[in-house]
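Open the model in your viewer and keep the selection panel handy. We will make a few stops, one selection at a time.

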Protein chains: 2
Amino acid sequence: MAQADPLKLDSMLCFAVYAAEHAFTRFYKPRLEALELTYPQYLVFLVLWETDGITVKALGDKLFLDSGTITPLVKRLEARGLLRRERDKQDERQVRIYLTEEGRALREKALAVPLAVGKALGGDGEAAGMLRESLHRLREQLDASSDS
Amino acid sequence: MAQADPLKLDSMLCFAVYAAEHAFTRFYKPRLEALELTYPQYLVFLVLWETDGITVKALGDKLFLDSGTITPLVKRLEARGLLRRERDKQDERQVRIYLTEEGRALREKALAVPLAVGKALGGDGEAAGMLRESLHRLREQLDASSDS
DNA sequence: AACAATTCAATTGTGTGCAATAGAAATTTC
DNA sequence: GAAATTTCTATTGCACACAATTGAATTGTT
């Protein structure tokens, strides 16, 4: 049966995504207080712990953020001594981001965060994995249509 | 099999939600240009077209936004003559929001937007419906844990 | 009725997020 | 190898988004 009212808020996938995203941010906030990180800052560290020395561009590509967001975000983290920005010697257009000892050390505290998520969601993580893949496909479909 | 690295970005449900939300915003942006609305402004109108005369508080509850976000957002729409804010006579703490004729007229143009989404996602909408319900449950689980 | 507690909208301050632009550096084209 | 194009970071301006606070209005208590 087709939707009677095509503009009904609660029937919209976009709003379900929007609301879930805010719920995640609210959920993370108190859990990230021990690290003194905001959620986007936490995402930056997830990338850096995997790939130290990444360029600003590559970081933005991974997180789907542009330089207008990344640059000030990373600068705040640099001001706190958690990382260091350095222009690439081979290609001086690029700026590479390196963790400081303090930034690397944050990782230990961060391990508690995904545990809290797992606890909140319950289950064995299979349902969460399926949902994650559905969202991945959704993002690809939306991005593919955005170009055209 | 449990996740080898619990801090791997691409394995995280939170990031899948985060990225999908941004993709939706990017997707909507050009589609909402005909209405000259941002995505959050569009959400406000979805509510108002359903429930004209709603209070600022109730609007915030529906969209999971607080007064610090809603108040300036609605004021911008009022400045453009799309709606009108009026203090409730019975309870003067409350401000009710009423559509103007121009705000009501926007609805016609808005009908094209969900059609574009349906086209981008393909299918009969069943998969989208399932995904929407999964996200709804996810939000409830996160909010329930946020309180505690 | 008087006072305390609660509710609600608005404001301030900080941190994203993106469009548009600027400017430096590298690459391509000729 | 000089000029045009592209790539990359940074900046500016505008719009969310939330925490914390304020102040007005209402409700609850005695």
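Select DNA strand D and the protein around it. This is a predicted model, where local features need pLDDT of at least 70, side-chain atom pairs count only at pLDDT 80 or more, and totals for chains, interfaces and linings use all residues. Residues are numbered from 1 along each chain as its sequence is written, chains are lettered from A and ligands numbered from 1 in the order in which they are written, and side-chain values use heavy atoms, with hydrogens and water left out.

How many residues surround DNA strand D? There are 29, and the closest are Y18(A), K57(A), K75(A), R85(A) and T38(B). Here, near means that a residue has a heavy atom within 4 Å of the strand.

Now color that surface by class. You will find seven nonpolar, eleven polar and eleven charged residues. Ala, Val, Leu, Ile, Met, Phe, Trp, Tyr, Cys and Pro count as nonpolar; Asp, Glu, Lys and Arg as charged; the others, Gly among them, as polar.

Next, show the secondary structure. In chain A, α1 (13-32), α3 (56-63), α4 (67-79) and β1 (83-87) each supply at least two residues of this surface. In chain B, α2 and α4 (67-79) do so. Helices are DSSP runs of H or I with at least four residues, strands are runs of E with at least two, and both are numbered from the N terminus.

Turn to the DNA atoms. Of those within 4 Å of the protein, 77% belong to sugar or phosphate, and the rest to bases. Three spots to zoom in on:

- K57(A): a polar backbone atom is 2.8 Å from a phosphate oxygen of strand D.
- T38(B): an N or O atom of the side chain is 2.6 Å from a phosphate oxygen of strand D.
- Q41(B): a polar side-chain atom lies 3.0 Å from a phosphate oxygen of strand D.

Now select chains A and B. Their contact (heavy atoms within 4.5 Å) takes 54 residues from chain B and 54 residues from chain A. Highlight L7(B), Y18(B) and L142(B): they supply 13% of the area that chain B buries against chain A, more than any other three residues. Buried area is the accessible area (1.4 Å probe) that two parts lose on being put together, summed over both. Between these chains the total is about 5400 Å², with 71% from carbon and sulfur atoms.

Last stop: pick D10(A) and K62(B). Their side chains meet in a salt bridge at 3.9 Å, N to O. The term means a side-chain nitrogen of Lys or Arg within 4 Å of a carboxyl oxygen of Asp or Glu. The interface has eight salt bridges by this rule.

How values were computed:
A polar contact is a pair of N or O atoms within 3.5 Å; within protein, one must be able to donate a hydrogen and the other to accept it, and residues adjacent in sequence count only if both atoms are side-chain atoms.
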